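Reader: I would like a close look at one part of this model. Please set it in the context of the whole chain.

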Amino acid sequence: MIQVPRGTQDILPKESYKWQFIEKKLHEIAKNYNYDEIRTPMFESTDLFVRAVGGSTDIVNKEMYTFQDKGDRSLTLRPEGTAPVARSYIENKMQHNVEQPVKLFYVAPMFRYERKQKGRYRQFVQFGVEAIGVEDPLIDVEILSMLMHIYQSFGLKNLKLVINSIGDIDSRTQYNKALVEHFSPRIDEFCHDCQTRIDSNPMRILDCKKDHDHELVKSAPRIYDYLNDESKAYFETVKAKLDELDIKYEVDYNLVRGLDYYTHTAFELMSDAEGFGAITTLCGGGRYNGLLEMIDGPAKTGIGFALSIERLLLALEAEGIDIPENKGIDIYVCTMTDQARDTAGTLLHKLRSRGVSADMDYENRKLKAQMKDADRKKARYTIVLGEDELQSSQAELKEMATGETKKLSFEEIINTLEEL
Ligand code: ATP
Ligand code: MG
């Protein structure tokens, strides 16, 4: 039997209503903050991710679905959304847009070849936002405030926002030097990846999942001490504004995030709900000041975040928050005879074309079974069509919640429901 590919899932109707609810809310909040939707292709030139995400990252090293197409191009299924958005910004010359920053969001599947575990899929859906074109602590704060707004709007409470500043490229260079000095003498005690990272991107040693508890990680120099005055001032402004807005956060000097392109503000949102499981990161993001230039774009800066709907759902589950189920249909038409079934078909056609959601029995079931079916489909009203009803073109419209009935012509039934 052919099965769904490892690390992927079918989202069946008993789950898909949750996705619809979440996606609708995300669209609303994006609108609130005046971010517009962008849709980029599901695959891109492999080169885009290699250059933008960076060769020292897990994404590029281990997780990409890369293939040659029939024209011998190397393509990669999109593993993240920032690089494609940056590519599109450059290609469509959005730096010349009148309104800056350009504020974009996406809701799109991402693909990573990962080890399957709870909250970790090989295809997952990210909601992400990017504000490109202006460097201003106020925008960093807008992004963080939107992030918190999103999670809080679902009623989540066990949230922990962790922030850090990685500083500008200058600060970062100084800091990397200090890290190399710190780790070099004992780098052989670290995992294979970290032994490469010390050359390619030493900061990522702090982010290593394997060597997380090594004493040298704990005693490593703090990025904060290497921030130049400008970077420090930027970070202080972001924090002061967050305080002003009463957005709670913790500073974690070891938070460096996986990607190569981050500068200044970096952040993660964690769930500290009991029973969440091993992976507690709900969302990650940060400012990227070098990214556009890395892919031959203008010297424009940006900031963004990405969250996955899969982990948002886990957080909701962990906090016991239910998502309202879709409402049922407006009317279920029960039938007693073959001729009635025929008339019901015509009636459904009229109802539906007037915007009324309607259904009937297609299995020739007994009336009692049809009523059960109407209940299951959460029908707000029912009618029963038998010989009398066909003769008179009238039926008893029954409101299921109250049991109230009203005798109406078919046309009146359609009108009444359309008005509702
Ligand atoms: P992790 O450390 O968990 O691997 P990451 O640093 O790779 O996360 P990002 O690339 O920052 O994650 O992606 C942003 C968000 O997307 C994460 O915080 C997480 O919520 C979600 N995410 C990342 N990878 C997956 C996945 N394989 N399945 C589901 N959600 C994911
Ligand atoms: Mg990852």
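How much area does the protein chain expose, and what share of it do carbon and sulfur atoms supply? Then take me through the open sheet of three strands.

Author: The model is predicted, so local features need pLDDT of at least 70 and side-chain atom pairs count only at pLDDT 80 or more, while totals for chains, interfaces and linings use all residues. Residues are numbered from 1 along each chain as its sequence is written, chains are lettered from A and ligands numbered from 1 in the order in which they are written, and side-chain values use heavy atoms, without hydrogens and water.

The protein chain exposes about 21,300 Å² (Shrake-Rupley method, 1.4 Å probe). Carbon and sulfur atoms supply 48% of that area. Of the 420 residues, 50% count as buried (under 20% relative accessible area, 1.4 Å probe, protein chains only). The C-alpha trace spans about 95 × 55 × 45 Å along its principal axes.

Now the sheet. The protein chain has 15 helices (H or I, at least four residues) and 16 strands (E, at least two), both taken as DSSP runs numbered from the N terminus. Three of the strands form an open sheet in the order 2-4-3. Their pairing is antiparallel (strands pair if DSSP finds at least two bridges between them). Strand 2 (43-45) and strand 3 (66-68) stand at the edges. Each has a single partner strand, so one side of each lacks a neighbour in the sheet. From one strand to the next, the twist averages 35° (axes are lines fitted to C-alpha atoms; angles run from 0 to 180 degrees between N-to-C directions).

Look next at strand 3 and strand 4 (residues 74-77). Three bridges join this antiparallel pair. Gln-68 has Ser-74 of strand 4 as its bridge partner.
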